[in-house]
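Colleague: I'm new to this one, so could you walk me through it?
Modeller: Gladly, let me put it on the screen and we can begin with the ligand.

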Amino acid sequence: MTFWKDKVAVVTGGSAGLGRVLGERLAAAGARVVLAARSVAELERAAGDITQRGQTAIGVPTDVTVDREVNALMERAVAEFGTIDLLVNSAGRSDRGLALETTPERFQELLDLNFLATVRCCRAAGPHLIRSGGHLVNIGSLASKTAARFLGAYPASKFPVAAYSQQLRLELGPQGVSVLLVCPGPIARDDAGRRYDKEAANLPGAASRPGAGVKLKGIPPAQLAERILRASEQGRAELIVPAKARLLFAIAQLSPPLGDWLLKRQTAS
Ligand SMILES: NC(=O)c1ccc[n+]([C@@H]2O[C@H](COP(=O)([O-])OP(=O)(O)OC[C@H]3O[C@@H](n4cnc5c(N)ncnc54)[C@H](OP(=O)(O)O)[C@@H]3O)[C@@H](O)[C@H]2O)c1
């Protein structure tokens, strides 16, 4: 029997990308999965693929930037399956742009989806997670720890996810809830390198590449999903992929100019 068997998992951004793969892995491990995203058609496709295999999933159309919809999502999960054992905050998006050309409105938009939606979902699911002694997984990014060039409002919207996760870990840990922050580099996908062509049109070539040109191979999403579930099961605090990035973060804390120099060496111009 797997650790996740019969557990109830809510996955935001569960209709595509990493969230969808996490939903599939959880369902394959015997969890009852609640997928959340805005597009009804994509949600039906993702949940349908799971139920066709005889596993358990429902899709709940939700815009995670809207309080009322987030509350309704958690209420539906509990009404359907009785509890919430795992919340994965995966809904999010990246950005491209120069810092000075990125408007306050754009920062607000990215903060709302990449950070405040995580706050909303944690607050709505929190009491259930405390009751179940459950697991919380916040999907950050390497950009939760370091702000590379050309990433527009993305790093500023992902840094607070790291701060919030640490505070949650300290406050919820003693109440039996494990809190995992995940900081992945670029995730492999068919459209990697084309997704941000529009935003990156007037920027150096590196900007349209995954991670704005970071010299890292894309992580296969299935492999990343397995590592995330194992890390959450083990009650780990952070999963940084690749792990060697932690060295860059440590050096940058000790010496920002040295950190900048190393970061530039690791990213194409
Ligand atoms: N891709 C990468 O290389 C990479 C690297 C590091 C970290 N990450 C992080 O990993 C997470 C997943 O990224 P991804 O690239 O795999 O995602 P993706 O394929 O772009 O899918 C995003 C998911 O979030 C949903 N979503 C977007 N806005 C939403 C909203 N307002 N309310 C509810 N759902 C919403 C989308 O569905 P709808 O549009 O239908 O709502 C979709 O299900 C993100 O947090 C991202 O920052 C990604």
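Modeller: This is a predicted model, and a good place to start is the side chain of Arg195, where an N or O atom is 2.6 Å from an oxygen atom of the ligand.
Colleague: How much of the ligand does the protein bury?
Modeller: Taken alone, the ligand exposes 890 Å², and the protein buries 86% of that area.
Colleague: And what does Arg189 do there?
Modeller: Arg189 places a polar side-chain atom 2.8 Å from an oxygen atom of the ligand, while at Val64 a polar backbone atom is 2.9 Å from a nitrogen atom of the ligand.
Colleague: How many residues surround the ligand?
Modeller: There are 27 residues around the ligand, and the closest are Ser15, Leu18, Arg38, Tyr154 and Arg195.
Colleague: How does that shell divide into nonpolar, polar and charged?
Modeller: The shell around the ligand has 11 nonpolar residues, 11 polar ones and five charged ones.
Colleague: Which helices supply at least two residues of the shell?
Modeller: Both α1, which covers residues 17-28, and α5, which covers residues 154-172, each supply at least two residues of the shell around the ligand.
Colleague: Changing topic, at what angle do α1 and α2 pack?
Modeller: Helix α2 spans residues 40-52, and α1 packs with α2 at an angle of about 20 degrees, with their axes 10 Å apart. Angles under 35 degrees count as roughly parallel, and so α1 is roughly parallel to α2.
Colleague: Is the crossing left-handed or right-handed?
Modeller: The crossing in which α1 passes α2 is right-handed.

Definitions and conventions. Residues are numbered from 1 along each chain as its sequence is written. This is a predicted model: local features need pLDDT of at least 70, side-chain atom pairs count only at pLDDT 80 or more; totals for chains, interfaces and linings use all residues. Side-chain values use heavy atoms; hydrogens and water are left out. A residue is near a molecule or strand if one of its heavy atoms lies within 4 Å of it. A polar contact is a pair of N or O atoms within 3.5 Å; within protein, one must be able to donate a hydrogen and the other to accept it, and residues adjacent in sequence count only if both atoms are side-chain atoms. Accessible areas come from the Shrake-Rupley method with a 1.4 Å probe; for residues, only the protein chains shown count as cover. Helices (H or I, at least four residues) and strands (E, at least two) are DSSP runs, numbered from the N terminus. Ala, Val, Leu, Ile, Met, Phe, Trp, Tyr, Cys and Pro count as nonpolar, Asp, Glu, Lys and Arg as charged, and the others, Gly among them, as polar. Axes are lines fitted to C-alpha atoms, for helices over the stretch in contact, and angles run from 0 to 180 degrees between N-to-C directions. Angles under 35 degrees count as roughly parallel, over 145 as roughly antiparallel, 65 to 115 as roughly perpendicular and the rest as oblique. A crossing is left-handed if the near helix is turned anticlockwise from the far one by less than a right angle, and right-handed if clockwise.
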